[in-house]
Amino acid sequence: MIPSGLVPSDREVRVRAPGKVNLSLRVGALEADGYHCLATIFQAVSLYEEVIARPSTKLRVTVSGQQADLVPTDLTNLALQAAQLLAAHTGAEPAVHLHLHKGVPVAGGMAGGSADAAAALVACDALWGTGVPRDELVELAARLGSDVPFPLTGHTAIGTGRGQLLTPAMSRGEYHWAFAIRAEGLSTARVFGVFDELIAGAIRLEPEADRALMQALRAGDAHGLGRALHNDLQHAALELVPALAEPLAVAEDAGALGVLISGSGPTVAALARSRQHALVIAAAITAAGVADQVMTAVGPVPGARVIQGTRMRTADGAADDSD
Ligand code: C5P
């Protein structure tokens with residue numbers, strides 16, 4: 001996964017952060033700040049973003065992996081914003097070369113960009129030796145986006161507020177997923193906009209609604225979890241991309257315990273009975289030709305962590321700080 005031409009040595013920090021699926025996403029009223037209040041349950045899944053941070057004379061980002069061409073490399077890139085925010089917070093020089101290796105669908109409703117930002121915070125903190133405590137990193141993450149704190153903490157968590165206020169949730173066992181991925185992403189803001197048009201009236205969050213889901217997670221009951229999966233944004237995502245009904249139906253026909261659109265979509269998530277069954281569902285989606293790509297994963301998994309943190313040299317032995 002290391003970009004070509006680079007070998008690990010002692011000036012590189014490599015961090016891995018997971019994507020997520022919202023097991024439940026309940027959306028409340030639009031607030032004055034332009035955000036909706038949410039009650040959601042996140043599960044981190046084993047599709048990973050890798051961020052490699054290495055010294056540079058300036059702030060720059062490069063991208064590899066799936067759909068890399070869809071990722072902006074200007075200052076709208078959330079990983080660059082994360083590096084800038086950490087630098088401003090700690091007084092460090094905002095100079096780093098971040099390389100993002102994409103493993104989570106881009107603009108897919110699985111928080112890939114947020115995982116990049118979470119991983120960039122951890123990577124820059126390690127590279128710069130700024131030693132920011134995890135709870136402070138989580139606060140910085142929340143300033144970058146509603147979905148950024150969760151890939152830092154990982155596992156299973158309840159999200160409230162805009163989705164950024166996290167409480168760990170009990171979960172037993174492993175849950176196997178098949179994902180139907182669409183090449184063209186969906187804008188989160190646009191999906192929330194259609195949600196508002198469809199609802200057009202007062203709505204009230206019912207935090208108690210997910211009692212059965214939490215009980216299933218505590219018991220390690222995949223069938224119970226499948227029955228309780230819920231996404232208030234699903235109608236809005238289907239309104240924007242009606243063809244998403246196809247992978248939902250194919251996964252259901254293949255015996256999925258539950259199917260839903262992940263977050264604001266357009267990725268379709270199907271809960272399977274086992275790893276083998278996830279492969280069967282993925283094969284059915286591929287055979288039906290109703291997705292651009294399929295992936296399987298397991299959850300829950302831990303949050304952003306350094307998987308290598310040493311100095312780095314290019315393959316020809318020169319330090320990579322000339323850029
Ligand atoms: O927080 P983030 O930048 O990821 O949100 C992207 C957009 O999604 C926001 O600008 C807003 O339009 C919408 N959103 C929302 N309510 C939330 C989270 C996001 O309306 N709780």
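What percentage of the 323 residues of the chain count as buried? The value is 53%. It applies to a predicted model, and the tour below proceeds from the whole chain to the ligand and then to individual residues.

**The whole chain**

Begin with the chain displayed as a cartoon. Its secondary structure consists of 10 helices and 12 strands. Next, display the surface: the accessible area of the chain amounts to about 13400 Å², and carbon and sulfur atoms contribute 52% of that area. Contacts within the chain can be considered in terms of sequence separation. Among those with a separation of 6 or more, 77% are between residues 24 or more positions apart.

**The ligand and its shell**

Now select the ligand and centre the view on it. The ligand occupies the largest pocket. To show its surroundings, select G34, Y35, H36, L38, G145, S146, R162, T188, A189 and F192, which surround the ligand.

Which elements each supply at least two residues of this shell? They are β2, spanning residues 36-54, and α5, spanning residues 188-199. Colouring these two elements separately is helpful here, since the tour returns to strand β2 later. The largest share of the shell comes from α5, with three residues.

Three polar approaches to the ligand can be displayed in turn:

- Select H36: a polar atom of its side chain is 2.7 Å from an oxygen atom of the ligand.
- Select S146: an N or O atom of its side chain lies 2.6 Å from a ligand oxygen atom.
- Select R162: here a polar atom of the backbone is 3.0 Å from a nitrogen atom of the ligand.

On its own, the ligand has 450 Å² of accessible area, and the protein covers 74% of this.

**Strand β2: A39 and T40**

Remain at the ligand and move along strand β2 to A39, which is located in that strand. A39 counts as buried because its relative accessibility is 14%, and the cut-off for buried is under 20%. To see which part of the chain lies across from A39, draw a distance to R162, the residue whose backbone approaches the ligand nitrogen. The C-alpha atoms of A39 and R162 are 8.3 Å apart, although 123 residues separate them along the chain.

Then select T40, also placed in strand β2. Is T40 buried or exposed? T40 is buried, because its relative accessible area is 1%. Display the side chain of T40 together with the backbone of S24: a polar side-chain atom of T40 is 2.7 Å from the backbone oxygen of S24. Beyond its neighbours within four places in sequence, T40 is in contact with N22, S24, L25, A157, I158 and G159.

**Helix α8: H235**

Turn next to helix α8, residues 234-240, where H235 is found. H235 counts as exposed because its relative accessible area is 60%, and the cut-off for exposed is over 50%. A distance drawn from H235 to V191 links two positions 44 residues apart along the chain. Their C-alpha atoms are separated by 9.3 Å.

**Backbone features in the loops**

The final stops concern backbone geometry. Most residues other than glycine have a negative phi, and most peptide bonds are trans. The following four sites depart from that pattern.

Select A107, in the loop between β4 (96-102) and α2 (112-128). A107 is not a glycine, yet its phi is positive, at about 50°. With 44% relative accessibility, A107 counts as partly exposed.

Continue to H155, in the loop between α4 (149-153) and β5 (156-160). H155 likewise has a positive phi, of about 60°, without being a glycine. Its relative accessible area is 42%, so H155 is partly exposed.

Where does P266 lie? P266 is in the loop between β9 (258-261) and β10 (268-272). Display the backbone from G265 to P266: these residues are joined by a cis peptide bond with omega of about 10°.

The last selection is P300, in the loop between β11 (293-299) and β12 (305-314). The bond joining G299 and P300 is also a cis peptide bond, with omega of about 0°.

Technical notes:
Residues are numbered from 1 along each chain as its sequence is written. This is a predicted model: local features need pLDDT of at least 70, side-chain atom pairs count only at pLDDT 80 or more; totals for chains, interfaces and linings use all residues. Side-chain values use heavy atoms; hydrogens and water are left out. Helices (H or I, at least four residues) and strands (E, at least two) are DSSP runs, numbered from the N terminus. Buried means under 20% relative accessible area, exposed over 50%, partly exposed in between (1.4 Å probe, protein chains only). Contact means heavy atoms within 4.5 Å. Accessible areas come from the Shrake-Rupley method with a 1.4 Å probe; for residues, only the protein chains shown count as cover. A residue is near a molecule or strand if one of its heavy atoms lies within 4 Å of it. A polar contact is a pair of N or O atoms within 3.5 Å; within protein, one must be able to donate a hydrogen and the other to accept it, and residues adjacent in sequence count only if both atoms are side-chain atoms. On a 1 Å grid over the protein atoms alone, a cavity is a set of points where a 1.4 Å probe fits but cannot get out, and a pocket is an open set with protein on both sides within 12 Å along at least five of seven lines; lining residues have an atom within 4 Å of a point. A molecule sits in a cavity or pocket if more than half of its atoms lie within 2 Å of its grid points.
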